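Student: I keep hearing words like "buried" and "edge strand". Could we go through a structure together and see where such words come from?

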Amino acid sequence: PVPYLTLSPLHDKYNPVKGGKACSGTNKIPLAEKEKIWRAKLQCSERRTVVSKTEVALCVTWEDCAAPYVSCHLQGGHNWPGVQRKFMDGLQKCDGEPANFPYAETIWHFFETGGEILQ
């Protein structure tokens, strides 16, 4: 098992939190179902703890996992870490304003520390 981090914008039309038809035309499973799948893969308990809560993100972790698992629910729409804003303009036609979240720094810190989240 390896540490696993999900960063899920709550207004992401490319990967809707509630699942169903994405703006790309593909069907997606709900975020809650994805979290359940990963908890099973990492053998996590049902107990979860909030590890970070800000205006733009709520990050939780589950206890007793074979490897750290953190899921962050973000305010805003779809974004990709480290991408120039010019590239994101094309995505906004479907998605609106990207989540204002430090994607790259959060991902780097998570894997550098073996599963800790930025506070």
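Tutor: Sure, let's take the terms one by one, keeping in mind that this is a predicted model.

Student: What makes Leu31, Glu35 and Arg39 the buried residues of helix α1?

Tutor: Buried means under 20% relative accessible area. Leu31, Glu35 and Arg39 are the residues of α1 (31-41) that count as buried, so each falls under that 20% limit.

Student: How do you know that they sit on the same side of α1?

Tutor: Look at the arc they cover around the axis: only 75 degrees, which puts them on the same side of α1. It fits a general rule: an α-helix has 3.6 residues a turn, so residues three or four places apart point the same way.

Student: And which exposed residues are on the face turned away from the buried side?

Tutor: That face of α1 carries Lys36, Ala40 and Lys41. Exposed means over 50% relative accessible area, so these three pass that cut-off.

Student: What covers the buried residues of α1?

Tutor: The cover includes the strands β1 (4-9), β5 (57-62) and β6 (69-74). Helix α1 lies across these strands, running at about 170 degrees to β6.

Student: Why are β1 and β4 said to stand at the edges?

Tutor: The open sheet has the order β1-β6-β5-β4. β1 and β4 (48-53) each have a single partner strand, so one side of each is left without a neighbour in the sheet.

Student: What makes β1 and β6 a pair?

Tutor: Pairing takes at least two bridges. β1 and β6 have six, in the parallel sense, so they qualify.

Notes: Residues are numbered from 1 along each chain as its sequence is written. This is a predicted model: local features need pLDDT of at least 70, side-chain atom pairs count only at pLDDT 80 or more; totals for chains, interfaces and linings use all residues. Side-chain values use heavy atoms; hydrogens and water are left out. Buried means under 20% relative accessible area, exposed over 50%, partly exposed in between (1.4 Å probe, protein chains only). Helices (H or I, at least four residues) and strands (E, at least two) are DSSP runs, numbered from the N terminus. The arc is that of the directions from the helix axis to the C-beta atoms. Contact means heavy atoms within 4.5 Å. Axes are lines fitted to C-alpha atoms, for helices over the stretch in contact, and angles run from 0 to 180 degrees between N-to-C directions.
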